[in-house]
Amino acid sequence: MIAGTERTPLTRNFFDRPVLEVAPDLLGRTLVRRTDQGILELRLTEVEAYDGPNDPGSHAFRGRTPRNDVMFGPPGHAYVYFTYGMWHCLNLVCGPEGRAAGVLLRAGEIRVGAELARKRRLSARHDKELAKGPARLATALDVGRSLNGTDACAGPDAPLSVLTGTPVQPDLVRSGPRTGVGGDGAPHPWRFWISDDPTVSPYRAHQPRKRRT
C-alpha cells in the first residue's frame, strides 16, 4: 500500500480547472475503486481530454442531453458511458460547473486488487494488460453505468476516489492525437501518457465505418 502524502485524496479544486491542465496532471495519480468484493487501486498512465463546446470529439460538443448531463458538473464526478453496445468507459468531469469537460481514463497499472481484476479480465495474458485501454480499465475495475454521476471527491467510503499518488515529471509526459477520434477533432494532441510505460495502450487512428451496399 502507498503511504504518506501519496494517500491524500484529491479535492474538488483539483478538478475545477481547465481540462487541458487536469488531464496530464492525472498521470501517476491513484484511482481507488471500492467494491463489495474488495478494493482495487490503479496508477493512471494514459488519459484523454475532451473539451465540450470547443471539441468536436466531445459528447457535449452539440450541447446538453440526458446522456451527457453529468459532464456539465460539478467537477470531480464520474461520467460513465456505454459504447459499441459492449463496453463502458470511465471519465472524470472537470472545469467550472455548467461547462462540459472531462478526462477519459484510458489505461493504468493495477497495484492493489489484481486478483479481483484478473477474475474480470480473463483474456489478459499478464497483469500489464489488465487495464490497458479504456474498456479494459472499466472492466477490470467493475465500472458500469451505475457509477455514472458518482462523486469521486465524496470521501473515503465512496465507490470511486483519486489519491495524490506520485505525479509524473513533466519530461516523462507525452502527448498526441486521441485514439479513434475523427473529423475536426482528430488533430488535437489531447491524449497524454507516461513515456515507455508498458500499460499504455497502442494508438489507433480513426477508421471511418464503411457503408453497406
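Let me start with Arg-43 and Asp-197, which form a salt bridge whose closest N and O atoms are 3.2 Å apart. The pair links distant parts of the chain, since Arg-43 sits in strand S2 while Asp-197 sits in the segment after S8, 154 residues away. Arg-43 is buried, and Asp-197 is buried too. Please keep in mind throughout that what we are looking at is a predicted model, and that every distance and angle I quote is computed from that predicted model.

Staying with strand S2, the next pair is Glu-46 and Arg-191, whose side chains meet in a salt bridge at 2.8 Å, N to O. Here Glu-46 belongs to strand S2 and Arg-191 to strand S8, so this pair ties together parts of the chain that are 145 residues apart in sequence. Both of these residues, Glu-46 and Arg-191, are buried. Which residues are joined into one network by salt bridges that share partners? They are Arg-43, Glu-109, Arg-111 and Asp-197, so that the pair I opened with, Arg-43 and Asp-197, appears again as part of that network.

Let me go back to Glu-46 for a moment. Its relative accessible area is 0%, and a residue counts as buried when that value is under 20%, which is why Glu-46 is placed in that class. The side chains of Glu-46 and Arg-191 are also joined by a polar contact of 2.8 Å. If we set aside the neighbours of Glu-46 within four places in sequence, the residues in contact with Glu-46 include Leu-27, Leu-104, Leu-105, Arg-106 and Ala-107, and also Arg-191, Phe-192 and Trp-193, with Val-200 and Ser-201 among them as well.

The third pair I would like to show is Arg-7 with Glu-41, where the side chains meet in a salt bridge at 2.9 Å, N to O. Arg-7 lies in the segment before helix H1, residues 12-15, and Glu-41 lies in strand S2, so this pair ties together parts that are 34 residues apart in sequence. Are these two partners buried or exposed? Glu-41 is buried, with a relative accessible area of 3%, whereas Arg-7, at 26% relative accessibility, counts as partly exposed. For the structure as a whole, the number of salt bridges is 16, and as a general remark, side chains of opposite charge can pair when their charged atoms come close.

I turn now to two leucines in strand S2. Leu-44 is found in that strand and is buried, with a relative accessible area of 0%. Leaving aside its neighbours within four places in sequence, Leu-44 is in contact with Leu-26, Leu-27, Gly-28 and Arg-29, with Leu-105, Ala-107 and Gly-108, and with Ile-194. By way of contrast, Leu-44 and Arg-67 are 23 residues apart in sequence and 25 Å apart in space, C-alpha to C-alpha.

Leu-40 also lies in strand S2, and Leu-40 is likewise buried, its relative accessible area being 0%. Not counting residues up to four places away in sequence, Leu-40 touches Leu-31, Val-32, Arg-33 and Thr-35, then Val-112, Gly-113, Leu-116, Ala-117 and Arg-120, and finally Ala-140 and Leu-141. Between Leu-40 and Arg-174, the separation is 134 residues in sequence and 26 Å in space, again C-alpha to C-alpha.

The last part of this talk concerns the backbone. Where is the cis peptide bond that I want to point out? It runs from Gly-73 to Pro-74, with omega near 5 degrees, and Pro-74 lies in the loop between strand S2, residues 39-50, and strand S3, residues 78-83.

Two aspartates also deserve a mention for their phi angles. Asp-142 has a positive phi of about 60 degrees although it is not a glycine, and Asp-142 is located in the loop between helix H4, residues 134-140, and strand S6, residues 160-163. Its relative accessibility is 36%, so Asp-142 counts as partly exposed. Asp-196, which is not a glycine either, has a positive phi of about 65 degrees, and Asp-196 is found in the segment after strand S8, residues 191-194. With a relative accessible area of 76%, Asp-196 is exposed.

Key
Residues numbered from 1 in each chain as written. Predicted model: local features only at pLDDT ≥ 70, side-chain atom pairs only at ≥ 80, totals over all residues. Heavy atoms only, no water. Helix = DSSP H or I, 4+ residues; strand = E, 2+ residues; numbered from the N terminus. Buried < 20%, exposed > 50% of the residue type's maximum accessible area, 1.4 Å probe, protein only. Contact = heavy atoms within 4.5 Å. Salt bridge = Lys/Arg side-chain N within 4 Å of Asp/Glu carboxyl O. Polar contact = N/O pair within 3.5 Å; in protein donor to acceptor, adjacent residues only side chain to side chain.
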